[in-house]
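Student: I should like to work through this model step by step. Please state the cut-offs as we go.

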Amino acid sequence: MANSPQAKKRARQNAKRFEVNKARRSRIRTYLRRVEEAIASGDKDAAGEALKAAQPELMRGITKGVYHKNTVARKMSRLSARVKSLG
């Protein structure tokens with residue numbers, strides 16, 4: 001357990017930041033799930049729209065430090081290739 005005042009404050013900040021990041025990750029996963037469902041249904045238009053909606057959320061995840069930029073680049077690349085292959 002934290003003993004010094006700054007360690008106690010840091011523990012509070014970490015707990016608060018953890019909750020915020022957890023909510024952000026959950027939100028991003030929801031957008032990704034919508035893209036996956038649209039791909040699974042075979043609807044190219046819906047999948048494209050879902051991907052366009054997911055992209056800003058993923059980019060926001062980079063700027064907020066939730067995801068690494070290469071992770072997001074890989075996810076976007078793979079999803080867009082799958083959407084493009086729908087025909």
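Tutor: Let us begin with one helix pair: α2 and α3 are roughly antiparallel to each other. Angles over 145 degrees count as roughly antiparallel, under 35 as roughly parallel, 65 to 115 as roughly perpendicular, and the rest as oblique. Helices are DSSP runs of H or I with at least four residues, strands are runs of E with at least two, and both are numbered from the N terminus.

Student: What sort of model is this, and how is it numbered?

Tutor: This is a predicted model, in which local features need pLDDT of at least 70 and side-chain atom pairs count only at pLDDT 80 or more, while totals for chains, interfaces and linings use all residues. Residues are numbered from 1 along each chain as its sequence is written, and side-chain values use heavy atoms, with hydrogens and water left out.

Student: At what angle do α2 and α3 cross, then?

Tutor: They cross at roughly 175 degrees, and their axes come within 10 Å. The axes are lines fitted to C-alpha atoms, for helices over the stretch in contact, and the angles run from 0 to 180 degrees between N-to-C directions.

Student: Which residues of α2 and α3 meet?

Tutor: From α2, the participants are Lys 44, Ala 47, Gly 48, Leu 51, Gln 55, Leu 58, Met 59 and Ile 62; α3 supplies Lys 69, Val 72, Met 76, Leu 79, Ser 80, Val 83 and Lys 84. Here contact means heavy atoms within 4.5 Å. Sorted by class, the contact of α2 with α3 comprises nine nonpolar, three polar and three charged residues. In this scheme Ala, Val, Leu, Ile, Met, Phe, Trp, Tyr, Cys and Pro are nonpolar, Asp, Glu, Lys and Arg are charged, and the others, Gly among them, are polar.

Student: Let us step back. How many helices and strands does the protein chain have?

Tutor: The protein chain has three helices and zero strands, in the order α-α-α from the N terminus on.

Student: And what is the radius of gyration of the protein chain?

Tutor: The value is 17 Å, whereas a compact globule of 87 residues would have one near 12 Å. The radius is taken over C-alpha atoms, and the globule rule is 2.2 Å times the number of residues to the power 0.38. Along the principal axes, the C-alpha atoms fill a box of roughly 60 × 20 × 15 Å.

Student: What percentage of the residues count as buried?

Tutor: Of the 87 residues, 25% count as buried. Buried means under 20% relative accessible area, exposed means over 50%, and partly exposed lies in between, with a 1.4 Å probe and protein chains only.

Student: Back to the packing. How do α1 and α2 pack?

Tutor: Their axes are 9 Å apart, at an angle of about 160 degrees. That makes α1 roughly antiparallel to α2. The crossing of the two is left-handed, a term that applies if the near helix is turned anticlockwise from the far one by less than a right angle; if clockwise, the crossing is right-handed. By class, 13 nonpolar, one polar and three charged residues make up the contact of α1 with α2.

Student: Take Glu 57. Is it buried or exposed?

Tutor: Glu 57 is buried, with a relative accessible area of 9%. Its place is in helix α2, residues 44-63. Apart from neighbours within four places in sequence, Glu 57 is in contact with Arg 27, Ile 28 and Tyr 31.

Student: What remains is α1 with α3. At what angle do they pack?

Tutor: Helix α1 (residues 5-41) and helix α3 (residues 69-85) pack at about 25 degrees, with their axes 10 Å apart. That makes α1 roughly parallel to α3. The crossing of α1 past α3 is left-handed. In α1, Leu 32, Val 35, Glu 36 and Ile 39 meet Lys 75, Leu 79, Arg 82 and Val 83 in α3. This contact has five nonpolar, no polar and three charged residues.

Student: And Ala 40: buried or exposed?

Tutor: Ala 40, found in helix α1, is exposed, with a relative accessible area of 70%. The C-alpha atoms of Ala 40 and Val 83 are separated by 10.0 Å, with their positions 43 residues apart along the chain.
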